[in-house]
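Please open the model in your viewer and keep the selection panel at hand, since this tour moves from one selection to the next.

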Amino acid sequence: MRPVSQSAPAGRAGPGFPKVGWIGLSLLGTFVLLGAAGPVLARFPPRALSGGSVEPPSFEHLVGTNQLGQDLASQLLFGARSSLLVASITAVGTLLLGALVGVPAGWLGGKTDFVLMRAVDVVLAVPRLPLLIILGAYLGRDLVTIALVMSVVFWPPTARILRTEVRSLRQRLHLKAAQSFGGGAGHALRRHVLPELRLVIVATLVIAASRVVLFEAGLAFLGLGDPSRTSWGSTMRDAQMSRGLFYTRIWTWWMLPPAVAVTLVLLGFTFVGMALEDGVNPRLARHRPRRSPARLAVSTTAAQ
Amino acid sequence: MVVVILGVLSAVVVFAVRGAGDKGELVAQNTDLQTVRTAEEAFCAQNGRYGTMDELVNGPTGKLLSEKSTMTDVAPVPGGACTGAGDESKSGFITGFARPNNSNATSLAKLRLAASKDMGRPTPFAWTRPPGYLLNSLMFDPLVWRDATGQPFPWLAQSWTNPDPLTWEFTLRSGVKWHDDQPLTAEDVAFTFNYIKPGQPGNATLCFCKISFPALASVTADPADPLRVVFKLNKAINTFMQDIAQGMVIIPKHVWNGVADPVNKTDASAYIGTGPYKMTTPADLSAYPVTTGVSAYDANTSYFLGTPYVRRLEYVAAADALTAVKNGAIDAGAPSFDESVSDTALASVSSLPKVQSPGGWNRVVHFNMAQGFPYNNVKFRQALAYTIDRNDLVTRILSGRGKAGSTGALAPSHPSLAPGLPEYARDVQKAKDLLDSLGIVDTNNDGKRECPTATPCKVVAGTPTAGVVTESKTPDNFIPNIHTNPNGSTATTDAIKTYLDDVGLLSAIVPDATPPASDARMTRANYAIGIVGWGNNQYDPDLLRSRLSDPWTSILANRSWRTVYGWNGTASSPTTTPGFATKAQEFIALADQQQVEPNKSVRKQKVLRMQQLVAEDVPQISLYVPDLLIYYRQGGFSAWYATPGGTPASPPSYYNKHVYVTGKQFGLPAGMT
Amino acid sequence: MVAGYVVTVWIVVTVVFGLPRALPGDPITASIQDASAVSPELRTMMERRYGLDRPLIEQYGSYLAGLARGDLGESISLRTPVATALKAHLPWTLLLVGTSLALSSLASFIAGVNAAWRRGSFDDRFSVVTMTGLHAIPDYALSIILVIGLAVTVPLFPLGGGAEPFTDDAPLVSRAVDLGYHLVLPAAALSLSLMATKFLILRSAMVSVLGSEYMVAARAKGLSERRLKYRHAGRNALGPFLNLVGIQAGAAVGAAIFIEAVFDYPGMTSLLLPAIGQLDFPLIDGCFLVLALLVLTANLVVDLVQSRIDPRTAG
């Protein structure tokens, strides 16, 4: 009978960053690099008519052109930019909102914790995409607005995780405070709480960002994205405007690359998340939160 | 053994011959068609005009055809000059099927087409877009109708006379019944037109007839004759037949009399008409599915033109017309032009039989010249016309299936298209020179143009209902806003941005949040450059007047030249272009004259001159006119034709009920007059 | 639990009430974009609905009363009651989501249990890799792959739609078959997308159960493989699994929006997307309310079932 193993099959317990994490990081790194360097790398502006209609990939146009003659490689690069922009803003927003709710809940406990966690449950219970859609309809479709709306929709899991972590930290700090000589709360906070939280913060950012990329492309695919921006989703949407295209080879260079791009980015996030969970989960399990470890794994991964 | 081989061989031979037979039929049709065309040209050479099938066979100048063709029918179109080329597109006759759908069947059990959604309900007052109008026309009839000749012919009315320019008298067919078996009388006709007058509840209808309403003085039923109705005009307009006689369907007085809110009347009685079809699905007519449009119509067996050829029409959901036809989900479908991909790319699908005809809808760049400099200067507008490559747009956006818009505003296929108009073929240098001459130059070498400080450029922004006008001058780059409909073609706006970029002019594309918002912006003129789509520019040339100079804002919320120019009939005008005021003044005068000019050739001269003025002054740039396309199932219903000039409230459409009723391209069913 | 549900429902309902009123300007103009284009009848209807001249409390009260009656207002773009429009399209979404949740739960349960059982084997590793990959493919991309693969290249299934039209008189069996035929690809897409997470979670939960002393004892008793797998280990892993199924109800409804869009399935998406294009707020609000209530109710049901099965995880 084998001993209990961890959740991630390809990771290792203990110190050192698992292999799968490196793969994830390189995928994400490429994504960030391409997105940031987009305008420099792109041969043509993404909306300019730089080629003939539906040209297959060539030296001029590495991924071919679409119906209008716009360069699809440039659209991929600028699409990465949109995703990157939204992911960054939302990640920060999610963290802030999550911390605003989760940290006081974990630190203060008691009634505050109860009320705040109920609030989290309420928001968590509402289906996310419909909520995104309705808020977007009321508040506008500008990219920054979309990012802020996503923060409002995606903060609960962050709040939950931060709360749990802060709670367990608080318990440990009480022990440590009893053992130390002087120091005080501020010192304890700086030297112990924050370093511990760092890992959790990164983990939650990773989770949030992966959902954001998926939904940003998805909204653009539905036609609900920012019309003035190129997005992977909008490229896919243009490609599927005429189903007749599916009967030809054109979809292979118009529809496929953005889909693959989104998938690779999500895989990157998944791998990094898996590697981090190794670091995050065992520690959480060790401090016996109210819910069982399996359930917590559920909340973390299910947030994806 | 030998018997088996012989059997197999003979089977093979039989199949081969049958195949040849099918091919043979096709070859025979083409030969027959050519024969008829040749005969027509010969007739024209002898008689100075084209003739009907009867005339080709029976004289007057001898038998040109030995016998009436069983496959091809021919109809002369008035005013067609002999070209001797046998080329229908240039000459004055058209050919069609002599037999319904060119087969020997007397009826077609079912025709399945794509449902249109979000076009309201097909009652006379609740449809909101042309597909809704066409569905309504299945159940309701106007006095006259139009077939592939584009000419009006008797429909509900048996005959009509025009005793003096201001009077039209119609005699209805006798024995016509409403779907609830009540008889049709002239009272219904008079009621209909009085009910839709301004100030009456029925004025909520979106019919085109309202454009000509100001000219209608009265509509009265003859008390002595239940089938006679008299129209009296206060202006002898040339568009009476199209706008009024064909424009409005006749509604039953006994249903609509006293109804205060016709738009929201959605019960079964709102669908009682005289038309060739009755809606049978959904069973409860008041539950018409506006979100899907899925419905079915069965032929009216007591129709006054006989039971329609197509016995049942079914409208089903089909997201993509082309693949739906290919998969057999529908019998025929028309892809919208922005779904089109070039035929070479769609090799497997393009083997579907199709009909392609010149269209009547165009996308247009509109200038609101009242906003000021530079929009009120013809050189700026001409510069844009020179740099926007309309032919390139046709290639990229329409995949070659269409034509660049005419600079004279009429459809390129319009019979009254003026020859020799300035084309504004792409000339980037000329565009640059024009902009330079206005002082809009690149002063700081950043590659983009700025406006002169002496005459700053206006930039219009703001909400649809509240415009904000700012000024742009050196050293700021001039970035005019181009307002568009959100569901309009981003492909078009992307392309235009690129063309403007080619001459160093930046621009910002600003889509509104919703189509109503966009319409509101256009109506209130809170834009300087707007991209709109409108149809139908294949209609009577009076459309130039209603589009560009009529002070009454048309249904489609366009800007009239008169309003835009601020022209109020005096000599002053808000622009600095010399000669501008004269042009507008001349156009407006011509527009009003052609509306009532009885002499056809004099009228045509005026219409030609109006197009010339539009082309010279560029109040709008007509970008492209997509061709109309319909794909149909191999071996299925094939009598499709695009109605020249369009049906009222819709651009030229293939879904003309005449083709379902008769199965042919023109003429009434056999035995009818 | 039920109390939590009621509170959440109340909050959702109130948010929907508050949204149009929280925007600057009067909600009627915001909805219609051009005040002068509004016909007097439409304005009266909207004013009556929003009750702008009455105090906020009264507006709220009549709004709640309307909801209780099933009156969700009237759609501006469709000119029909929102409730009528919803009734025509909601059943399709329910069919799609319900079928997919059931299918994916069953499939992932069996797969997850077996993968954990054969932990470390090639089968297990292959499944985990596949599921992880599947998890990363966006729903819309997956749908398009299925369309291209199984409806275009090999025309096995229809390109889209929910059912063959005008078959109301056809026998029930053939209608059911037709419904199923149109449901295969959309349900497959949704199930595959939902399956991945459930599989991974179940597998990891199973793995920890398998290592427990309880299992050692059960094995020692000499119970059959099958019994051990499903009745003992599986049953214990059921708790977190069910919890996930409930959480996934929300994700499923969201994913269904993408899938319905690609397959032109006549569900809520075909109502919601055009509504947004027209900024038809009564309709948008109605769709959102119904979808949110759907998910909340599903969560409640799962929670109740779960507390029955495993009292430990109650609350």
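Which helix of chain C gives the most to the positive patch? It is helix α10 (residues 225-263) of chain C, which contributes 3 residues; helices here are DSSP runs of H or I with at least four residues, strands are runs of E with at least two, and both are numbered from the N terminus.

Before selecting further, note that this is a predicted model, in which local features need pLDDT of at least 70 and side-chain atom pairs count only at pLDDT 80 or more, while totals for chains, interfaces and linings use all residues. Residues are numbered from 1 along each chain as its sequence is written, chains are lettered from A and ligands numbered from 1 in the order in which they are written, and side-chain values use heavy atoms, with hydrogens and water left out.

**Chain C and its positive patch**

Select chain C, which has 12 helices and 0 strands, and in which 52% of the 315 residues count as buried (buried means under 20% relative accessible area, exposed over 50%, and partly exposed in between, with a 1.4 Å probe and protein chains only). Then select K221(C), R227(C), R231(C) and R235(C), which gather in a patch of positive charge on the surface. Such a patch is made of residues with over 30% relative accessible area and no salt bridge, like charges being joined within 9 Å and nonpolar side chains (Val, Leu, Ile, Met, Phe, Trp, Tyr) within 5 Å. Within the patch, centre on R227(C), which has its place in helix α10 of chain C and is partly exposed, with a relative accessible area of 39%.

**Salt bridges**

Turn next to the salt bridges, of which a search of the whole structure finds 30 over all chains; each is a side-chain nitrogen of Lys or Arg within 4 Å of a carboxyl oxygen of Asp or Glu. Select R47(A) and D494(B), whose closest N and O atoms are 2.9 Å apart in a salt bridge. This pair crosses between chains, from the loop between α1 (19-41) and α2 (72-108) of chain A, where R47(A) lies, to helix α11 (residues 490-502) of chain B, which holds D494(B). R47(A) is partly exposed at 25% relative accessibility, whereas D494(B) is buried at 8%.

Staying in helix α11 of chain B, select D502(B) together with R426(B), whose side chains meet in a salt bridge at 2.9 Å, N to O. Because R426(B) lies in the loop between β16 (402-404) and α10 (428-437) of chain B and D502(B) in helix α11, the pair ties together parts that are 76 residues apart in sequence. D502(B) counts as partly exposed at 37% relative accessibility, and R426(B) counts as partly exposed at 32%. Now select K110(B), R112(B), D298(B), R312(B), E314(B) and E164(C), which are joined into one network by salt bridges that share partners.

**Aromatic pairs in chain B**

The structure holds 33 aromatic pairs over all chains; rings of Phe, Tyr and Trp (its six-membered ring) pair if their centres lie within 6.5 Å, and planes under 30 degrees apart count as stacked, over 60 as edge-to-face and the rest as tilted. Select F170(B) and F231(B), an edge-to-face pair at 5.4 Å centre to centre with 75 degrees between the planes. F170(B) sits in strand β7 (residues 167-172) and F231(B) in strand β9 (residues 228-233) of chain B, 61 residues apart, and both are buried. To finish, extend the selection to W160(B), W168(B), F193(B) and F240(B), which ring pairs link with F170(B) and F231(B) into a cluster.

Definitions and conventions: Areas by Shrake-Rupley, 256 points an atom, 1.4 Å probe, with all protein chains shown as cover. Lys, Arg positive; Asp, Glu negative; His and termini not counted. Charge placed at Lys NZ, Arg CZ, Asp CG, Glu CD.
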